[in-house]
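Trainee: Before we discuss this chain, could we agree to set every value against its definition? I would like to know how each term is earned.

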Amino acid sequence: MRILLFTGKGGVGKTTAAAATATLAAGRGLKTLVVSTDTAHSLADALATRASGEPEPVEAAPGLYLQQVDTQKSLERHWGELRDYAGRVLGELGLDQITAEELTVLPGAEEIIALLELREQARSGGWDVIVVDCAPTAETLRLLALPEALDWHVNRLLPLGRRLLGALSPVVRRVARVSAPEGEVLSAGERLHRGLLEIRELLTGADASVRLVLTPEAVVVAEARRTLTSLSLYGYRVDGVIANRVFPADGADEWRRAWAAAQARQLAVVHDSFAPLPVRIVPYLPAEPVGPAALARLAEELYAGDDPFARPGTEPPVRMTADLLDLALPLADRHDVDLARKGDDLIITAGPYRRVITLPAALSRRKISSAALRDGVLRVRFEAGGAR
Ligand SMILES: Nc1ncnc2c1ncn2[C@@H]1O[C@H](COP(=O)(O)OP(=O)(O)OP(=O)(O)O)[C@@H](O)[C@H]1O
Ligand SMILES: [Mg+2]
């Protein structure tokens, strides 16, 4: 099963590219699901179809299914126990019961729910291709990094929480009459944790890749460059760039010629920045590409004969051997990259983004002997043998 994620700045054409790619996949006989982690449900509009919380066949595109995650319903299923517990605690403290609606106000909750649904669909195994239309860049990054950030916190907090609660619960119960989490509640937390780990595995695995959508404008390109660095930092494979809304230069008036020239300059920057990734061009069409027929035409032009559903050829961003760790950080500036070590963890910062990598036992006992960023790869060497 192949998983394709589409991300990019707001309004550049993520939904269009995702819907077009999914339509093409179905047209080639692959059983395809297209989903969105964005709560603005524009996929249904782009495909000119109806959607519900379950995968629904898209009428004019046999083999293509669209799912629009129903946040409330999924929450009941995935977070029911957690919510009940939170409700009990708040109730005993004399506060109002927390409602499912209130829980979804938590930052990222809806995106997490969409991902839990995605995992369920991936697990069910019935799909050849799953296409994910992601939220605009910043949110997507947060969302994609989340499983790992959560992993880090849960690994430290769950055992700590259990110990603390074990020691405190009789006192807490007597004094504040707050119920200590029962075994079943911790297991709900642990289930959520495991679910998020599985999502990360799925999205950083060998069958998943990210396609960056951009328009050839300076501001958009600058953001796409930062996105490439941070996606690598978090372990995601980027396997292509889609330059959308490119003006054809032929037969142009003054106004369009100026735009075409400006776009050509940005496209040169795009090629230089993202090489060796393929940069695929989509022209600015004379009308909105809406509906499976228009999207299929767009996709044929977009992928022009190559196989967009083949396994990504790109290497995973993180590689570890017996004495070194390589992390691809394409386009990162030497001055923006920082490395720190805390016990078994390596904390790597690239600009505003940070990743914690827990070292495997073989490396965690050793001192770092050198670290250098060269040709877009951060290489950390460890001393041979010995304790740190
Ligand atoms: N190549 C194109 N030519 C003409 N119109 C296009 C093209 N690509 C996208 N559009 C139109 O531009 C609008 C925005 O595209 P789309 O919704 O795919 O962007 P998006 O990146 O998903 O936006 P958002 O960040 O809001 O989710 C839509 O109306 C779409 O039909
Ligand atoms: Mg969109």
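Mentor: We begin with confidence: the mean pLDDT of the chain is 83, and 77% of its residues reach 70 or more, where pLDDT is the predictor's confidence in each residue, from 0 to 100. This is a predicted model, in which local features need pLDDT of at least 70 and side-chain atom pairs count only at pLDDT 80 or more, while totals for chains, interfaces and linings use all residues. Residues are numbered from 1 along each chain as its sequence is written, chains are lettered from A and ligands numbered from 1 in the order in which they are written, and side-chain values use heavy atoms, with hydrogens and water left out.

Trainee: Which elements have the lowest and the highest mean pLDDT?

Mentor: Helix H4 (residues 100-103) has the lowest, at 54, and H1 the highest, at 97; helices (H or I, at least four residues) and strands (E, at least two) are DSSP runs, numbered from the N terminus. Where pLDDT is low, the predicted coordinates should not be read in detail.

Trainee: Why is Pro62 called exposed?

Mentor: The relative accessible area of Pro62 is 68%, and exposed means over 50%, buried under 20% and partly exposed in between, with a 1.4 Å probe and protein chains only; Pro62 is therefore exposed. Pro62 is found in the loop between strand E3 (56-57) and strand E4 (64-67).

Trainee: What makes a set of residues a nonpolar core?

Mentor: The members must be buried Ala, Val, Leu, Ile, Met, Phe, Trp, Tyr or Cys residues, joined through side-chain atoms within 4.5 Å. The largest such core has 82 residues, of which Phe6, Ile130 and Phe274 touch the most other members. Helix H1 (residues 14-27) gives this core its largest share, eight residues.

Trainee: Which residues surround ligand 1 most closely, and how do you know that a contact with ligand 1 is polar?

Mentor: Of the 18 residues that surround ligand 1, the closest are Gly11, Lys14, Thr15, Thr16 and Glu288, a residue being near if one of its heavy atoms lies within 4 Å. A polar contact is a pair of N or O atoms within 3.5 Å. An oxygen atom of ligand 1 is 2.7 Å from an N or O atom in the side chain of Thr15, and a backbone N or O atom of Pro283 lies 3.0 Å from a nitrogen atom of ligand 1, so both pairs meet that cut-off. Taken alone, ligand 1 exposes 640 Å², and the protein buries 79% of that, by the Shrake-Rupley method with a 1.4 Å probe.

Definitions and conventions:
A polar contact is a pair of N or O atoms within 3.5 Å; within protein, one must be able to donate a hydrogen and the other to accept it, and residues adjacent in sequence count only if both atoms are side-chain atoms.
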